[in-house]
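Trainee: I've just pulled this one up and I'm new to it. Can you walk me through what's there?

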Amino acid sequence: MNDIVLQIENVQQHYEQGDNVLSVLKGANFSLKKGETVALVAPSGTGKSTLLHLAGLLETPGDGEVYIGGRATSTLDDDARTAMRRSELGFVYQFHHLLPEFTALENIMMPQMIAGLSYKEASERAAQLLDYMRIGARASHRPAELSGGEQQRVAIARSVANAPLILLADEPTGNLDPETAGYVFEALEALVRQSGLSALIATHNHDIAALMDRRVTLRDGQVAEF
Ligand code: ADP
């Protein structure tokens, strides 16, 4: 049980849409082990983002429980959720959301300095992460001077800057051409493997999904084996 870093237990999530109530998750169960990579492959509108938002403590479930590192999260107040999100969770989105006026290195330093690391510690780790992502030579470039694949690799490096327990990614290569998507994902996977991180990654790309330890889908509001 201790090696489970994320557990989603009997989670229900409903949204009101006008006069209707849309049940997106209907008692969903899922667990992610330490060091495990899982692809979430399901058609649009089935609740992938909802599941990632719940796992990322960006939404609270209508019912059920989300455990991060063995801790129940439904009873945490906003400050405790934010603290847990910052220390245990890393996020990568389809669009990089890098800060345009800062360099690649500075973008990766930022979350570390917010967490209290010194300039020296943060810049050393940022440089190391850029090397892992094989873009060390681009450290002093601003996002606009980087290609789409390079921007996304910086965003991935930034997401793990504070050594989270879990990486959550929503279509991280969805905006890239297939070849670029392939090498960005390879770099992501190398980083995950060398750091012992666990990852839940929503993707439509079956080649990428095939590289992960396990594949799940959403079917009738439940998480099911793909
Ligand atoms: P996916 O990521 O698989 O495309 P989502 O989790 O984004 O699916 O959405 C699942 C369904 O829930 C969609 O029909 C969407 O319109 C609806 N939905 C998601 N978030 C909300 C919300 N905040 N309010 C109302 N409906 C929502």
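Trainee: Let's start with the ligand. Which residues are around the ligand?

Mentor: This is a predicted model, so keep that in mind throughout. Around the ligand you'll find Tyr 15, Gln 17, Leu 22 and Val 24, plus Pro 43, Ser 44, Gly 45, Thr 46, Gly 47, Lys 48, Ser 49 and Thr 50.

Trainee: What does the side chain of Gln 17 have 3.1 Å away?

Mentor: A nitrogen atom of the ligand; the Gln 17 atom in that pair is a side-chain N or O.

Trainee: And which atoms of Gly 45 and Gly 47 lie by a ligand oxygen, backbone or side chain?

Mentor: Backbone in each case. For Gly 45, a backbone N or O atom lies 2.7 Å from an oxygen atom of the ligand. For Gly 47, a backbone N or O atom is 3.0 Å from a ligand oxygen atom.

Trainee: OK, switching to helices. How do people describe two packed ones?

Mentor: By the angle between their axes and the distance between the axes.

Trainee: Then what are those values for α3 and α4?

Mentor: Helix α3 covers residues 104-114 and helix α4 covers 119-132; their axes come within 8 Å and cross at roughly 130°. That makes α3 oblique to α4. The crossing of the pair is right-handed.

Trainee: Which residues meet there?

Mentor: From α3, Ala 104, Leu 105, Ile 108, Met 109, Gln 112 and Met 113 take part. Their partners in α4 include Tyr 119, Ala 122, Arg 125, Leu 129 and Leu 130. By class, the residues of this α3 and α4 contact divide into 11 nonpolar, 2 polar and 2 charged.

Trainee: What about α3 against α5? At what angle do they pack?

Mentor: About 25°, with the axes 8 Å apart. That makes α3 roughly parallel to α5. The α3 and α5 crossing is right-handed. Here Ala 104, Asn 107, Ile 108 and Pro 111 of α3 meet Val 154, Ala 157 and Arg 158 of α5. That contact has 5 nonpolar, 1 polar and 1 charged residues.

Trainee: And where do the axes of α5 and α6 end up?

Mentor: Helix α5 (residues 148-159) and helix α6 (residues 178-195) have axes that come within 10 Å and cross at roughly 20°. That makes α5 roughly parallel to α6. Their crossing is right-handed.

Trainee: Last one: which residues of α5 meet α6?

Mentor: Gly 149, Gln 152, Arg 153 and Ile 156. On the α6 side, the residues met include Tyr 183, Val 184, Ala 187 and Leu 191. By class, the α5 and α6 contact has 6 nonpolar, 3 polar and 1 charged residues.

Notes
Residues are numbered from 1 along each chain as its sequence is written. This is a predicted model: local features need pLDDT of at least 70, side-chain atom pairs count only at pLDDT 80 or more; totals for chains, interfaces and linings use all residues. Side-chain values use heavy atoms; hydrogens and water are left out. Axes are lines fitted to C-alpha atoms, for helices over the stretch in contact, and angles run from 0 to 180 degrees between N-to-C directions. Helices (H or I, at least four residues) and strands (E, at least two) are DSSP runs, numbered from the N terminus. Angles under 35 degrees count as roughly parallel, over 145 as roughly antiparallel, 65 to 115 as roughly perpendicular and the rest as oblique. A crossing is left-handed if the near helix is turned anticlockwise from the far one by less than a right angle, and right-handed if clockwise. Contact means heavy atoms within 4.5 Å. Ala, Val, Leu, Ile, Met, Phe, Trp, Tyr, Cys and Pro count as nonpolar, Asp, Glu, Lys and Arg as charged, and the others, Gly among them, as polar. A residue is near a molecule or strand if one of its heavy atoms lies within 4 Å of it. A polar contact is a pair of N or O atoms within 3.5 Å; within protein, one must be able to donate a hydrogen and the other to accept it, and residues adjacent in sequence count only if both atoms are side-chain atoms.
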